[in-house]
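Work through the exercises below with the coordinates open. Try each task before reading its solution.

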Amino acid sequence: MSNSALIQLVETIADNKYVLGDRLVEVGFSGPDVESTLASVAMAQGELGHARLLYNWGFTLNGIKGKKPEITNETGKSFSEVRAIDGWVKLIANLYTVNVAMDVVMEAMMDSGDADIAANINKLYLEHKEHCVFSEGWALKLINDEGGVPKKFKEDLNQALPEVEQWIKDVESNSELSNFVVQNNLVKRFQETIEQVKGEGAVTNVG
């Protein structure tokens with residue numbers, strides 16, 4: 001079976017982590033307080049590190065051996081709303097949405113039992129859980145905030161959702177990924193997780 005679909009999947013995750021890392025640095029400096037700015041920079045380092053690991057895996061899948069090419073930009077597969085991030089609320093809305101999607105997809109990849117997938121993303125997948133906790137904490141904080149912030153957050157969240165949800169649908173229905181992803185209820189799990197936050201809940205501590 002061809003690896004082209006898997007390469008496409010790996011590069012899509014890598015591209016979004018790459019752009020999110022870039023925006024976390026650029027926009028994170030305008031965070032609401034010093035703690036959020038410091039946390040954004042730390043999270044950015046994590047996202048960019050994950051992106052580099054995934055790009056290198058993609059190079060290997062493409063047959064590139066030895067020293068891997070320098071990463072200077074994404075491959076063009078990032079989501080349009082991620083590229084359009086221009087402020088703190090939009091950053092958190094997209095960070096949360098994309099992190100949930102990546103978590104659902106990477107869990108399904110791990111569940112496939114493919115040894116090469118486990119070797120390349122097991123540590124990354126576990127670290128990604130911390131990114132999910134960070135973004136969910138901030139999502140809950142903004143949705144429970146005062147003034148126009150909750151409305152703006154929901155607008156940005158709803159704007160980010162369609163493209164990300166379509167990506168998960170494509171992953172779930174692509175027969176070329178059947179050996180690499182357990183294609184079972186991915187969209188449903190994504191929607192249920194998002195709805196838990198949209199329905200609002202207790203504000204968690206965020207760092």
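**Exercise 1. The pairing of H2 and H5**

Task: Determine how H2 and H5 run relative to each other in this predicted model.

Solution:
- Start with the axes. Those of H2 (residues 34–61) and H5 (residues 115–143) come within 11 Å and cross at roughly 155°.
- Apply the cut-off. Angles over 145 degrees count as roughly antiparallel.
- Conclude. H2 and H5 are therefore roughly antiparallel to each other.
- Add the hand. The crossing in which H2 passes H5 is left-handed.

Task: Which residues make the contact between H2 and H5, and how do they divide into nonpolar, polar and charged?

Solution:
- Take H2. Its side of the contact comprises Ser-36, Ala-39, Ser-40, Met-43, Gly-46, Glu-47, His-50, Leu-53, Leu-54, Trp-57 and Leu-61.
- Take H5. Its side comprises Asp-116, Ile-117, Asn-120, Ile-121, Leu-124, Glu-127, His-128, His-131, Phe-134 and Trp-138.
- Sort them. The contact of H2 with H5 has 11 nonpolar, 7 polar and 3 charged residues.

**Exercise 2. Glu-11 and its partners**

Task: Place Glu-11, decide whether it is buried or exposed, and find what it contacts.

Solution:
- Locate the residue. Glu-11 belongs to helix H1.
- Check the accessibility. Buried means under 20% relative accessible area. Glu-11 has 16%, so it counts as buried.
- List the contacts. Neighbours within four places in sequence are left aside; Glu-11 then touches Asn-62, Thr-75 and Lys-77.
- Inspect Lys-77. Glu-11 and Lys-77 form a salt bridge, with the closest N and O atoms 2.6 Å apart.
- Map the two ends. Glu-11 lies in H1 (residues 4–26) and Lys-77 in the loop between H2 and helix H3 (80–83), so the pair ties together parts that are 66 residues apart in sequence.
- Look at Glu-74. The C-alpha atoms of Glu-11 and Glu-74 are 8.4 Å apart in space, while the two residues are 63 apart in sequence.

**Exercise 3. Two more salt bridges**

Task: How many salt bridges does the structure hold? Then describe the Asp-156 to Lys-152 pair and the Arg-23 to Asp-22 pair.

Solution:
- Count. The structure has 10 salt bridges.
- Take Asp-156 and Lys-152. Their side chains meet at 2.4 Å, N to O.
- Explain the spacing. The two residues are 4 apart in helix H6, so about one helical turn separates Asp-156 from Lys-152.
- Compare accessibility. Asp-156 is buried at 5%, whereas Lys-152 is partly exposed at 35%.
- Take Arg-23 and Asp-22. This salt bridge spans 2.5 Å, N to O.
- Repeat the accessibility check. Arg-23 is buried at 15%, whereas Asp-22 is partly exposed at 34%.

**Exercise 4. The loop between H6 and H7**

Task: Describe the backbone of Asn-185 and its surroundings.

Solution:
- Read phi. For Asn-185 the value is near 60°, which is positive in a residue other than glycine.
- Locate the residue. Asn-185 sits in the loop between helix H6 (149–173) and helix H7 (186–198).
- Check the accessibility. Asn-185 is partly exposed, at 39% relative accessibility.

Task: Is Ser-175 buried or exposed, and how far is it from Ala-5 in sequence and in space?

Solution:
- Locate the residue. Ser-175 is in the loop between H6 and H7.
- Apply the cut-off. Exposed means over 50%. Ser-175 has 55% relative accessibility, so it counts as exposed.
- Compare the separations. Ser-175 and Ala-5 are 170 residues apart in sequence, with their C-alpha atoms 9.2 Å apart.

Key
Residues numbered from 1 in each chain as written. Predicted model: local features only at pLDDT ≥ 70, side-chain atom pairs only at ≥ 80, totals over all residues. Heavy atoms only, no water. Axes fitted to C-alpha atoms, helices over the stretch in contact; angles between N-to-C directions. Parallel < 35°, antiparallel > 145°, perpendicular 65-115°, else oblique. Left-handed = near helix turned anticlockwise from the far one by under 90°. Contact = heavy atoms within 4.5 Å. Nonpolar A, V, L, I, M, F, W, Y, C, P; charged D, E, K, R; others polar. Buried < 20%, exposed > 50% of the residue type's maximum accessible area, 1.4 Å probe, protein only. Salt bridge = Lys/Arg side-chain N within 4 Å of Asp/Glu carboxyl O.
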